[in-house]
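Let's take a walk through this structure together. Keep the 3D view open and follow along as we go.

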Amino acid sequence: MPKLKMPKSAPSLDMTPMVDLGFLLVTFFILTAKFRPNEPVIVDVPAATSELLLPEKVMQITVDDKGRVYFDLAGKEIRREMLSRMVQRHPELKLTEDEARKFALLGMCGMPLNNLSQYLGSDEKTRAALDAQTPGIPTDSINGELGDWIQSGYEAFMADAEKHGLEPKDIKGDKALRYAIKADGTTDYEKVEQVIDVFREKNIFQFNMVTSLESGSK
Amino acid sequence: MAEIIEGGGGHEKGGKKRPKKSPVRMDMTPMVDLAFLLLTFFILATSLSKPKTLEIVYPKDVENPEDQTKLDDDLATTIIVGETDDQIFYYHGKFRKDTTKLEPSDFSKDGLRVMLLERNKRVVEQVNSLKDQQREELKKSNTREDDEKINLRFKELIADASNDSLAPFVIVKTMPTTKWKNVVNAIDELNITSVKKRAIMDMEAREALLFLSPEKVAELKLK
């Protein structure tokens, strides 16, 4: 019987194209991935079946499991404008130019106004420590800080939209500012309700509650 | 496998004879492994980072909910969301002292959902048939513009169907210590069962007394 001839050298497969493609994809994903800014708290949002995505232009209020309230509005220019409006409303808030610049670059912030200057002036480590012990932004109607943040943020957003050539009547649909509330699943409803009440005083009634997609059926 | 094979170096200057170098082989397998690991990580991480949201519209006037919703009491269903996961109840109609009984329920597939589907049967059937029609029409249409028109038209039709004057009205009642995830769960159930007429309100003390001790109710300062 004729013997089957085995090739002497090990079979080699040219994997270069595959590796090229692999690296191309890695590069693509690295570049497109949006890294979340350093968040002072981790919030475990409740699951729901809704598949509605979080709108692009959104003012987000975060409530952690202890009921502390954080405020976030994206956009460097908008944040700068918002802060200057906030200073107008609260003349006791004294910030240096450097601190204001730092604020524009930060994300979520849960500092009461009287701690804000100290918070912005300190380095990352001290900031993390301050984050751990902050009482959150006051939501009560006496101090009204959250209400002022919302108002300032809204005004700054509208001013920014006008700067980009949008008429006030055109700012609707997905161009309009939406309001998201991201609360931890274990937060007491009372705390979330306080935030909603502040919004209601400002005649804002529609919210996007941040949830995670429920996996499978219950 | 993936490797770089380099020849002996090419030109040799000078007349000196050197022992022949073996080609340099570099094993690229670990690097490729790492690349694919990163690839997998980024693929998974990017798709997971998109947060989903649940849209909730709160009513404008909360001072006088009775004025705002002039509805038949028979159409009302109240869902009580207590402090813990096993304090989920419901009752139909108006609250009547002594006769109103709380039915225990939960957020599972056979809990509130079954009750709400049964209660909202007519609307659910209408909405489902509208959705089927919408799917049919979308299949027939060719342009994206047509698709958008169809979607918009059906969105209105579905909204009309769920705002039917005979559709049930659901009130979600919460306590200060109700956990947020249970409020979201309750609203999610309403969305699943196409209940559009809804409100979130504070629980009344007389309702809380049906499943909590008087001391606890006093502590919560319910009205």
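The paragraphs below move from the contact between the chains to a few single residues.

One thing to keep in mind from the start is that this is a predicted model. A good place to begin is where chains A and B meet. The contact takes 42 residues from chain A and 38 residues from chain B. On the chain A side, the elements that give two or more residues are helix H1 (16–32), strand S2 (52–53), strand S5 (178–183), helix H7 (189–201) and strand S6 (206–213). If you sort the chain A residues of this contact by character, you get 23 nonpolar, twelve polar and seven charged. Strand pairing also links the two chains: S2(A) is joined by two bridges to strand S3 (residues 52–57) of chain B, and the two strands run antiparallel. To find the spot, look for Leu52(A), which stands opposite Thr53(B) in S3(B).

Next, turn to the nonpolar interior. The largest nonpolar core has 62 residues, and those touching the most other members come from both chains: Leu146(A), Ile181(A), Val192(A) and Val195(A), together with Ile79(B), Val172(B) and Val183(B). There is also a second, separate core of five residues, including Val123(B), Val124(B), Val127(B) and Ala167(B).

Val192(A) deserves a closer look. Its place is in helix H7 of chain A. Is Val192(A) buried or exposed? Val192(A) has 24 other C-beta atoms within 10 Å, so it counts as buried. Setting aside residues up to four places away in sequence, Val192(A) touches Val63(A), Ile181(A), Ala183(A) and Thr187(A), as well as Trp180(B) from the partner chain. Thr62(A) is 130 residues from Val192(A) in sequence, yet the two are 9.2 Å apart in space, C-alpha to C-alpha.

Now follow chain A to a hairpin. Strand S3 (residues 58–63) of chain A and S4(A) pair in the antiparallel sense over five bridges. Within this pairing, Gln60(A) stands opposite Asp72(A) in S4(A). Five residues lie between the two strands, and Gly67(A) in the turn has a positive phi of about 90 degrees. How many residues of S4(A) are buried? The count is five of the five, so S4(A) is largely enclosed by the rest of the structure. Both of its faces are covered, with Val69(A), Phe71(A) and Leu73(A) buried on one side and Tyr70(A) and Asp72(A) buried on the other.

One of the neighbours of S4(A) is helix H2 (residues 76–89) of chain A, whose buried residues pack against S4 (69–73), helix H3 (97–105) and helix H6 (145–163) of chain A. Those buried residues are Ile78(A), Arg79(A), Glu81(A), Met82(A), Leu83(A) and Met86(A). The length of H2(A) can be checked too: at 1.5 Å a residue, its 14 residues should span 20 Å, which agrees with end C-alpha atoms that are 20 Å apart.

Over in chain B, you will find eight helices and eight strands. Of its 223 residues, 24% count as buried. Chain B is divided into domain 1 (67–120 + 168–210) and domain 2 (121–167). The C-alpha centres of these domains lie 27 Å apart. Nine residues of domain 1 of chain B are in contact with eight residues of domain 2. The domain 1 side of this contact divides into three nonpolar, three polar and three charged residues.

Ser162(B) sits in helix H5 (residues 144–162) of chain B. With 18 C-beta neighbours inside 10 Å, Ser162(B) falls short of the 20 needed to be buried and therefore counts as partly exposed. Beyond its sequence neighbours up to four places away, Ser162(B) touches Val123(B), Val127(B), Ala167(B), Ser194(B) and Lys196(B).

Finally, consider two backbone angles. Most residues other than glycine have a negative phi. Ser194(B), however, has a phi near 55 degrees, and Asn203(A) has one near 60 degrees. Ser194(B) is in the loop between helix H6 (180–192) and strand S8 (198–202) of chain B, while Asn203(A) is in the loop between H7 and S6 of chain A. Their surroundings differ: Ser194(B) is buried, with 20 other C-beta atoms within 10 Å, whereas Asn203(A) is exposed, with 7.

Note on methods: Residues are numbered from 1 along each chain as its sequence is written. Chains are lettered from A and ligands numbered from 1 in the order in which they are written. This is a predicted model: local features need pLDDT of at least 70, side-chain atom pairs count only at pLDDT 80 or more; totals for chains, interfaces and linings use all residues. A nonpolar core is a set of buried Ala, Val, Leu, Ile, Met, Phe, Trp, Tyr and Cys residues joined through C-beta atoms within 7 Å. A residue is buried if 20 or more other C-beta atoms lie within 10 Å of its own, exposed if 12 or fewer, and partly exposed in between; C-beta atoms are placed from the backbone. Two residues are in contact if their C-beta atoms, placed from the backbone, lie within 7 Å. Helices (H or I, at least four residues) and strands (E, at least two) are DSSP runs, numbered from the N terminus. Ala, Val, Leu, Ile, Met, Phe, Trp, Tyr, Cys and Pro count as nonpolar, Asp, Glu, Lys and Arg as charged, and the others, Gly among them, as polar. Two strands pair if DSSP finds at least two bridges between them. The expected span of a helix is 1.5 Å times one less than its number of residues. Domain bounds come from an automatic or database domain assignment.
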